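Open the model in your viewer and keep the selection box ready. We will go stop by stop.

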Amino acid sequence: MAQKRGKTDMMKHLMAGAAMAMALSMSASPAFAEAHMEAGADELRTAVMEDMPGLFELYKDLHANPELSFQEFETAAKLAERARALGFEVTEGVGQTGVVAVMENGPGPVVMLRADMDGLPVVEQTGLPYASTRTAVPATGVETGVMHACGHDTHMAAWVGAAQLLAERKDQWSGTLVMILQPAEETGEGALAMLEDGLYERFPKPDYVLAFHDAAQAPAGFIGYSKGYALANVDSVDVVIPGIGGHGAYPHTTIDPVVIGAHVVTRLQTLVSREISPLDPAVVTVGSFRAGSKHNIISDEARLQITVRSYTDEVRAALLEGIERIARGEAMAAGMPEDKLPTVTVQDPYTPSTYNTPEFTENVMAGLKERFGDRVRETPSVMGGEDFGQFYRADPETVESLIFWVGGVPMDQYLASERGEVELPSLHSPFWAPDAEVVIATATEALTAATLDLMPKSGG
């Protein structure tokens, strides 16, 4: 998810209470057939199972060959070719490396299914036989290993699975299917890049947008969702605090930026606790505080790096204004002149909050509950970020959207973690290895079933 910007533990509370009961009701065996093939399976699920050998081979190839944000050239090309073979009209290079595949099938709504493609600069340590050994050079300029440590490989495999099933079932739906492969989700830039490259102007604009994300703290096959705000605005803020440096033995001749910075850090805690309503979720976390280089030198500068999270635009604006006000105010209180007050820079673009339109979410999940039963549960919203929210924000008057979770933890590992025997790896961990077959099968079936429900044949 978008840089996952501190989101590595975001799923830890997904399984509170009700979801644990669901996990215990399922077989403790991690075997694919036991986890997915349940009573009441129908023709669609049977078709998913028949497609799984090929989808799993695709997954292993994607997992072994990840590419960094805006470097997804091989990935985009191989999946674009699959879409063409299924009968989609395919356009590559949208938003740099994005892919748009369109299938028109009579009158009806436009449904867009999205998967993200990029991997992370992480050296894989899963020990899988198909583990990535790829290396690449990210924006830092330092060569690194590359890994699908966030599960985007499962997203793409399920995207292909849904495309196959829907292309085979054109007699069961009517409308226009727009399937997109999005670059650069990890940096929070890819969705906006596709929109700015004319996604809603060059191609049919969707009535409904769907996506899923694997979950690293939920048992494989679990489906979780949140109505309304599901993920947060994520801002990265840099604060540079000038000082007047000097010798540590003569502090009275200086204005110490470390002291100013310390006051800023402390004062920032009151933004959430005293300035934002307790009913409005908000986070202000100082992740880095750097100043000085020697014991006896008072530095002439301190730097803070802050992550800021919120749901509404109003709360976001209040937090960002508050950070600048506090930084300047503490510097003024320390006696810094007007021309040497702190500078506050908010990185642009930021990752906007993701909003699941409530009625649409309820309707889609009602259908999935009929299909999956207790495996579908409403879960708390989280303060992590995902740039999927851009697709709704681009036209909130006409576009409805939903992103949901699909659990990926093998059942034996999940139950062992509940007993306190193991610690589960998080998203972005070099050890994250989901039960990919269950994730892909569950997500493929869910995306396909939801799309068929949204695009019934005329008169059906």
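**Stop 1: a charge over a ring.** Select R316 and Y350. The charged end of R316 sits over the ring of Y350, 3.5 Å from the ring centre. Keep in mind that this is a predicted model.

**Stop 2: aromatic pairs.** Now show the aromatic side chains. How many aromatic pairs are there? The count comes to nine. Select Y229 and Y355, which form one aromatic pair. Their rings are edge-to-face, with 70 degrees between the planes. Centre to centre, the distance is 5.0 Å.

Next, colour the strands that carry these two residues. Y229 is in strand β9, residues 228-231. Y355 is in strand β16, residues 354-356. The pair links distant parts of the chain, with the two positions 126 residues apart in numbering.

Buried or exposed: where does Y229 fall? Y229 is partly exposed, because its relative accessible area is 29%, and partly exposed covers the range between under 20% (buried) and over 50% (exposed). Y355 is also partly exposed, at 23%.

Widen the selection to Y229, Y311, Y355 and Y392. Ring pairs link these four residues into a cluster.

**Stop 3: the sheet.** Switch to cartoon view. Select β12, β14, β10 and β15. In that order they make an open sheet of four strands, and the pairing is antiparallel. Which strands are at the edges? They are β12 (282-291) and β15 (343-346), each pairing on one side only. Look along the sheet to see the twist, which averages 20 degrees from one strand to the next.

Zoom in on β10, residues 233-242. Strand β10 pairs with β15 in the antiparallel sense, over four bridges. Select D238 and T345 here: D238 stands opposite T345, which is in β15.

**Stop 4: the helix on the sheet.** Add helix α8, residues 257-275. Helix α8 packs on the sheet and touches β10, β12 and β14 (301-310). Compare directions: that of α8 makes about 170 degrees with that of β12.

**Stop 5: a buried tryptophan.** Select W405. W405 lies in strand β18, which spans residues 400-409. Why is W405 classed as buried? Its relative accessible area is 6%, and buried means under 20%.

Now add H213 to the selection. H213 and W405 are 192 residues apart along the chain. Draw a distance between their C-alpha atoms: the separation is 4.9 Å.

Note on methods
Residues are numbered from 1 along each chain as its sequence is written. This is a predicted model: local features need pLDDT of at least 70, side-chain atom pairs count only at pLDDT 80 or more; totals for chains, interfaces and linings use all residues. Side-chain values use heavy atoms; hydrogens and water are left out. Two strands pair if DSSP finds at least two bridges between them. Axes are lines fitted to C-alpha atoms, for helices over the stretch in contact, and angles run from 0 to 180 degrees between N-to-C directions. Contact means heavy atoms within 4.5 Å. Buried means under 20% relative accessible area, exposed over 50%, partly exposed in between (1.4 Å probe, protein chains only). Rings of Phe, Tyr and Trp (its six-membered ring) pair if their centres lie within 6.5 Å; planes under 30 degrees apart count as stacked, over 60 as edge-to-face and the rest as tilted. A charge sits over a ring if NZ of Lys or CZ of Arg is within 6 Å of the ring centre and within 35 degrees of the ring normal.
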